[in-house]
Amino acid sequence: MNLITAIFMVAGLVLFILPGIYLGVGYMFSLLFVLFGGFDFWPAMEYSRKLVHTNWWKFFGFVLLLLLINIGGFLCLIVGLLVTIPLTYLSVYVLFEELTIDAADDEKEEAIILE
């Protein structure tokens, strides 16, 4: 899953820088959709892209902020990465949960109504 996403991002960066950045930000939740949503890799990548596309600039700013935090961790004698990398993954996971919790609640409400 990550390999295919990485191949698309690298191909985008090699061909043009802007598509690679767009794909990198757009596919940031694809692994989480596979792990927690049970989707196959391609639908997960599409759901991630559609979720991010609605507010792409905000997600881009979020990714830039996480990148700056990781650069700060690198500048702290690389030992800071032991803190900033888990912080990055946790931040992305919390954002994913906040964005997808509404969809899970809607499905639960639908199931209750249908019963």
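Accessible areas come from the Shrake-Rupley method with a 1.4 Å probe, and for residues only the protein chains shown count as cover. The structure is a predicted model, in which local features need pLDDT of at least 70 and side-chain atom pairs count only at pLDDT 80 or more, while totals for chains, interfaces and linings use all residues. Residues are numbered from 1 along each chain as its sequence is written, and side-chain values use heavy atoms, with hydrogens and water left out.

**Exercise 1. Describe the protein as a whole, from its surface to its elements.**

Step 1. The protein exposes about 8100 Å², of which carbon and sulfur atoms supply 74%.

Step 2. Of its 115 residues, 24% count as buried, where buried means under 20% relative accessible area, exposed means over 50%, and partly exposed lies in between (1.4 Å probe, protein chains only).

Step 3. The protein has six helices and zero strands, these being DSSP runs numbered from the N terminus (helices H or I, at least four residues; strands E, at least two). From the N terminus on, the order of elements is therefore written α-α-α-α-α-α.

Step 4. Among contacts (heavy atoms within 4.5 Å) with a separation of 6 or more, 52% are between residues 24 or more positions apart.

**Exercise 2. Examine helix 4 and work out how its salt bridge is placed.**

Step 1. Helix 4 covers residues 41-53, and its 13 residues reach 18 Å from the first C-alpha to the last, close to the 18 Å expected at 1.5 Å a residue; the expected span is 1.5 Å times one less than the number of residues.

Step 2. The buried residues of this helix are A44, M45, E46, S48 and V52.

Step 3. E46 forms a salt bridge with R49, and their closest N and O atoms are 2.8 Å apart; the term stands for a side-chain nitrogen of Lys or Arg within 4 Å of a carboxyl oxygen of Asp or Glu. By this rule the count is one salt bridge.

Step 4. Because E46 and R49 are three residues apart in helix 4, they are separated by about one helical turn. An α-helix has 3.6 residues a turn, so residues three or four places apart point the same way.

Step 5. R49 has 22% relative accessibility and so counts as partly exposed.

**Exercise 3. Find the largest nonpolar core and trace the contacts of M28.**

Step 1. The largest nonpolar core has 12 residues, namely V25, M28, F29, L32, F33, A44, V52, W56, F59, L66, V92 and F96. Such a core is a set of buried Ala, Val, Leu, Ile, Met, Phe, Trp, Tyr and Cys residues joined through side-chain atoms within 4.5 Å.

Step 2. Helix 3 (30-37), helix 4, helix 5 and helix 6 (81-114) each supply at least two residues of this core, and the largest share, three residues, comes from helix 5.

Step 3. Leaving aside neighbours within four places in sequence, M28 is in contact with S48, V52, F59, F62, V63 and V92.

**Exercise 4. Compare the surroundings of V63 and T88.**

Step 1. V63 is in helix 5 and, with a relative accessible area of 30%, is partly exposed.

Step 2. Not counting residues up to four places away in sequence, V63 touches V25 and M28; V63 and G24 are 39 residues apart in sequence, with their C-alpha atoms 9.3 Å apart in space.

Step 3. T88 lies in helix 6 and is buried, its relative accessible area being 16%. With residues up to four places away not counted, T88 touches L66 and N70.
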